[in-house]
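Biologist: Could you walk me through a few of the labels used for this fold? I would like to hear the reasoning behind each one.

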Amino acid sequence: MKIFIIEDDKVLRTELIKLLGSYGYECDYSENWQNITQCVLKAAPDLILLDINLPQFDGFFICREIRKQSEVPIIVDRKSGSAGMPRP
């Protein structure tokens, strides 16, 4: 199973790749925020892990753009205490 990780925090992304890789998952990512939707679609993942707070576009926008062309499952994440997001 191929998982595409859309996460701007390099430390968190690296840890996710290590953890998921240890369970046999193939992980892919891109730091090309301007063209992230095209990068995801080209990679043809089975699942997307999507952070909401990103540098170029927010995750909601990216999710809508992906949905226009794909039905791949998307798990949305946000970091606790992220700017502009209420805490649970």
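Biologist: Leaving aside its neighbours within four places in sequence, which residues is phenylalanine 4 in contact with?

Modeller: Happy to start there, with the reminder that this is a predicted model. Phenylalanine 4 is in contact with Asp28, Tyr29, Ser30, Ile36, Cys39, Val40, Ala43, Pro45, Leu47, Ile48 and Leu49, once its neighbours within four places in sequence are set aside. As for isoleucine 48, its C-alpha is 4.8 Å from that of phenylalanine 4, while 44 residues separate the two in sequence. Phenylalanine 4 has its place in strand E1, residues 2-6.

Biologist: Why is phenylalanine 4 called buried?

Modeller: Its relative accessible area is 1%, and buried means under 20%, so phenylalanine 4 is buried.

Biologist: And what makes serine 30 count as buried?

Modeller: The cut-off is again under 20%; serine 30 has 12% relative accessibility, so it counts as buried. Serine 30 is found in the loop between E2 and helix H2 (36-43). Its side chain reaches the backbone nitrogen of asparagine 32 at 3.0 Å.

Biologist: How do you know that this is a polar contact?

Modeller: A pair of N or O atoms has to be within 3.5 Å, and the distance here is 3.0 Å.

Biologist: Why does tyrosine 25 count as partly exposed?

Modeller: Partly exposed lies between the 20% and 50% limits; tyrosine 25 has 34% relative accessibility, so that label applies. Tyrosine 25 is found in the loop between helix H1 (10-22) and strand E2 (26-29). Together with Met1, Leu19 and Tyr23, Tyr25 makes a nonpolar surface patch of about 460 Å².

Notes: Residues are numbered from 1 along each chain as its sequence is written. This is a predicted model: local features need pLDDT of at least 70, side-chain atom pairs count only at pLDDT 80 or more; totals for chains, interfaces and linings use all residues. Side-chain values use heavy atoms; hydrogens and water are left out. Helices (H or I, at least four residues) and strands (E, at least two) are DSSP runs, numbered from the N terminus. Buried means under 20% relative accessible area, exposed over 50%, partly exposed in between (1.4 Å probe, protein chains only). Contact means heavy atoms within 4.5 Å. Patches are made of residues with over 30% relative accessible area and no salt bridge: like charges are joined within 9 Å, nonpolar side chains (Val, Leu, Ile, Met, Phe, Trp, Tyr) within 5 Å. Accessible areas come from the Shrake-Rupley method with a 1.4 Å probe; for residues, only the protein chains shown count as cover. A salt bridge is a side-chain nitrogen of Lys or Arg within 4 Å of a carboxyl oxygen of Asp or Glu. A polar contact is a pair of N or O atoms within 3.5 Å; within protein, one must be able to donate a hydrogen and the other to accept it, and residues adjacent in sequence count only if both atoms are side-chain atoms.
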